[in-house]
Amino acid sequence: MDSLGTWPRPVPADDRDFDVQVMKRLRTARGDGATGRAPLGERLSTSMLLVVPLVTALAVVLLWQQWSRSGSAWLLALVAVILVATALWWTARLRRAFTTAQGRLGSRLAHVVDHGVGVVRDLTLEPLMETDGGAQDDGRVRARIGLSVTPVRGSRFRTVVEAVYDADAALFLEVGSHGPVRFLRDDPEGSTVIDTRLTEAQVEQVYRGAALN
């Protein structure tokens with residue numbers, strides 16, 4: 001697998017079924033370094049995203065009432081400073097919270113979803129039938145592909161996947177074709193799908209990881 005000449009990508013599929021399986025695994029994933037809840041300090045820090053705007057709103061209301069009685073310009077200036085400072089802090093904290101959440105999700109996904117390189121061992125192509133009346137769709141075909149998968153981690157396994165291809169693209173499929181796949185670590189044979197979400201750099205990482213396994 002020293003070549004990155006991958007198979008043609010199938011027509012983008014609706015991956016909601018796979019995503020639902022992933023979410024179910026994430027809710028129950030433990031061990032292998034996967035953690036459940038965020039640390040207390042992180043949760044308290046994130047809760048400030050709600051607390052600080054509420055405190056700011058209260059302070060602005062009180063200062064505005066004071067200004068309406070006194071007409072002092074410095075009160076308006078103080079309101080402006082509070083609003084600007086709060087907006088800057090909230091934006092920065094929100095970005096940090098998203099970054100932290102993405103890191104935690106990525107860490108947990110690593111214990112649920114894995115990748116590998118699938119090599120075609122068996123291939124069956126058949127016309128795709130329109131659902132409305134059984135008419136043939138000349139532009140697309142359904143491929144039933146028997147794969148031998150070398151994961152980035154773990155043991156090699158065999159599985160069967162189905163994917164829909166444009167007819168022209170399907171012509172490039174043949175025994176020996178290969179490309180990136182992803183699967184649930186606890187059920188690789190029953191959950192493998194052809195990965196259409198990876199960038200070229202990520203595809204290269206998958207190939208390199210599979211070669212080193």
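What share of the 213 residues of the protein counts as buried? I looked this up before anything else, and the answer is 32%. I note here that the model is predicted.

**Entry: overall layout**

I counted the secondary structure next and found six helices and five strands. Along the sequence I read their order as α-α-α-β-β-β-α-β-α-β-α. I then looked at how far apart contacting residues lie in the chain. Of the contacts with a separation of 6 or more, 71% are between residues 24 or more positions apart.

**Entry: nonpolar core**

I looked up the largest nonpolar core, which has 16 residues. Trp7, Ile145, Leu147, Val149, Tyr165 and Ile194 have the most contacts inside this core. Strand 2 (136-151), strand 3 (157-166) and strand 4 (178-184) each contribute at least two of the core residues. Strand 2 gives the largest share, five residues.

I followed Trp7 further and set aside its neighbours within four places in sequence. Trp7 then contacts Gly118, Val120, Leu147 and Leu173, and also the run Ser177, His178, Gly179, Pro180 and Val181. Ile194 completes the list of contacts of Trp7. Leu147 and Ile194 are therefore on two lists for me: they are contacts of Trp7, and they are among the residues with the most contacts inside the core.

**Entry: second largest pocket**

I took the second largest pocket and noted a volume of about 410 Å³. Its lining has 17 residues, and Leu109, Val113, His115, Arg182 and Leu198 are the closest to the centre. Helix 1 (16-28), strand 1 (113-129) and helix 6 (200-212) each give two or more residues to the lining. Which element supplies the largest share of this lining? I found that it is helix 1, with four residues. Sorted by class, the lining has nine nonpolar, three polar and five charged residues.

**Entry: Val113**

I picked Val113 from the pocket centre list and placed it in strand 1. Is Val113 buried or exposed? Val113 counts as buried because its relative accessibility is 13%, and the cut-off for buried is under 20%. Beyond four places in sequence, Val113 is in contact with Phe18, Val22, Arg182, Phe183, Leu184 and Arg185. Arg182 is also one of the residues closest to the pocket centre. I also noted the pair Val113 and Leu26, which are 87 residues apart in sequence and have C-alpha atoms 9.6 Å apart.

**Entry: Arg121**

I stayed in strand 1 and looked at Arg121. Arg121 counts as partly exposed because its relative accessibility is 38%. Not counting residues up to four places away, Arg121 touches Gly146, Ser148, Arg158 and Val175. From C-alpha to C-alpha, Arg121 and Glu174 are 8.6 Å apart, with their positions 53 residues apart in sequence counted as separation.

**Entry: aromatic pairs**

How many aromatic pairs does the structure hold? I found two. In one, the rings of Trp64 and Trp67 have centres 5.0 Å apart and planes at 40°, so I recorded the pair as tilted. Trp64 and Trp67 are three residues apart in helix 2 (residues 40-70), which means that about one helical turn separates them. Trp64 is partly exposed, with a relative accessible area of 45%. Trp67 counts as partly exposed too, at 27% relative accessibility.

The other pair is Phe157 with Phe183, whose ring centres are 5.1 Å apart and whose planes are at 80°, so the pair is edge-to-face. This pair links distant parts of the chain, with Phe157 in strand 3 and Phe183 in strand 4, 26 residues apart. Phe157 counts as buried at 6% relative accessibility, and Phe183 counts as buried at 3%. I had already met Phe183 among the contacts of Val113.

**Entry: Leu63**

I went back to helix 2 for Leu63. Leu63 counts as buried because its relative accessibility is 15%. Leaving aside neighbours within four places, Leu63 contacts Leu75, Leu78, Val79 and Ile82. Leu63 and Val79 are 16 residues apart in sequence, and their C-alpha atoms are 6.9 Å apart.

Methods
Residues are numbered from 1 along each chain as its sequence is written. This is a predicted model: local features need pLDDT of at least 70, side-chain atom pairs count only at pLDDT 80 or more; totals for chains, interfaces and linings use all residues. Side-chain values use heavy atoms; hydrogens and water are left out. A nonpolar core is a set of buried Ala, Val, Leu, Ile, Met, Phe, Trp, Tyr and Cys residues joined through side-chain atoms within 4.5 Å. Buried means under 20% relative accessible area, exposed over 50%, partly exposed in between (1.4 Å probe, protein chains only). Contact means heavy atoms within 4.5 Å. On a 1 Å grid over the protein atoms alone, a cavity is a set of points where a 1.4 Å probe fits but cannot get out, and a pocket is an open set with protein on both sides within 12 Å along at least five of seven lines; lining residues have an atom within 4 Å of a point. Grid points are joined across faces, edges and corners, and a volume is the space filled by probe spheres set on the points. Ala, Val, Leu, Ile, Met, Phe, Trp, Tyr, Cys and Pro count as nonpolar, Asp, Glu, Lys and Arg as charged, and the others, Gly among them, as polar. Rings of Phe, Tyr and Trp (its six-membered ring) pair if their centres lie within 6.5 Å; planes under 30 degrees apart count as stacked, over 60 as edge-to-face and the rest as tilted.
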